[in-house]
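Me: I'd like to get better at reading a model like this one. Could you walk me through it, feature by feature?

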Amino acid sequence: MDAMVPVKDDQESANEYFEVYMSLRAALREGKIETTDVEEYLAYKKRMLPKKAREIAQEMILKIDY
């Protein structure tokens, strides 16, 4: 019997990417992680996102107040 794998919608995928992005930014500020590690990991995670989720995540990131 095949098990059904739940499929995430674009918003949920974008939210997960955004949460990872924010936690990595915090780790960078605290000096717990190297910049190159973050860039490579985020590039990998971004490639795994569907196009619409990527667009949503990018909009969320652009709205961050620095």
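**Reading the model, step by step**

Reply: Happy to, and let's warm up with a single residue: Glu30 is exposed, with a relative accessible area of 52%. Keep in mind that this is a predicted model.

Me: Which residue does the side chain of Glu30 meet in a salt bridge?

Reply: The general idea is that side chains of opposite charge can pair when their charged atoms come close. Here the partner is Lys32, with 3.0 Å from N to O. Lys32 counts as exposed too, because its relative accessibility is 66% and the cut-off is over 50%. The count of salt bridges comes to one.

Me: Let's step back to the fold. How many helices and strands does the protein have?

Reply: Three helices and zero strands, so to speak an α-α-α run when you start from the N terminus. Of the 66 residues, 24% count as buried. For contacts between residues at least 6 apart in sequence, 65% join residues at least 24 apart.

Me: How do I read a single helix, say H3? What does it reach from its first C-alpha to its last?

Reply: Set the span against what you'd expect at 1.5 Å a residue. H3 covers residues 51-62 and reaches 17 Å, close to the expected 16 Å. Next, look at burial: Ala53, Ile56, Ala57 and Ile61 are buried. Seen down the axis of H3, these buried residues fall within an arc of 135°, so they line one face of the helix. Lys51 and Leu62, on the other side, are exposed.

Me: Which helix do the buried residues of H3 pack against?

Reply: They pack against H1, residues 10-29. For a close-up, take Ser13, which is found in H1.

Me: Is Ser13 buried or exposed?

Reply: Ser13 counts as buried, because its relative accessibility is 11% and the cut-off is under 20%. Setting aside neighbours within four places in sequence, Ser13 is in contact with Lys8, Leu49 and Ala53. Ala53 is one of the buried residues of H3.

Me: And the surface? Which residues form a nonpolar patch there?

Reply: Look for Tyr41, Tyr44 and Met48, with about 340 Å² of accessible area together. Met48 sits in H2, residues 35-48, and counts as exposed at 57% relative accessibility. Across the protein, the accessible surface comes to about 5400 Å², and 54% of that belongs to carbon and sulfur atoms.

Note on methods: Residues are numbered from 1 along each chain as its sequence is written. This is a predicted model: local features need pLDDT of at least 70, side-chain atom pairs count only at pLDDT 80 or more; totals for chains, interfaces and linings use all residues. Side-chain values use heavy atoms; hydrogens and water are left out. Helices (H or I, at least four residues) and strands (E, at least two) are DSSP runs, numbered from the N terminus. The expected span of a helix is 1.5 Å times one less than its number of residues. Buried means under 20% relative accessible area, exposed over 50%, partly exposed in between (1.4 Å probe, protein chains only). The arc is that of the directions from the helix axis to the C-beta atoms. Contact means heavy atoms within 4.5 Å. Patches are made of residues with over 30% relative accessible area and no salt bridge: like charges are joined within 9 Å, nonpolar side chains (Val, Leu, Ile, Met, Phe, Trp, Tyr) within 5 Å. Accessible areas come from the Shrake-Rupley method with a 1.4 Å probe; for residues, only the protein chains shown count as cover. A salt bridge is a side-chain nitrogen of Lys or Arg within 4 Å of a carboxyl oxygen of Asp or Glu.
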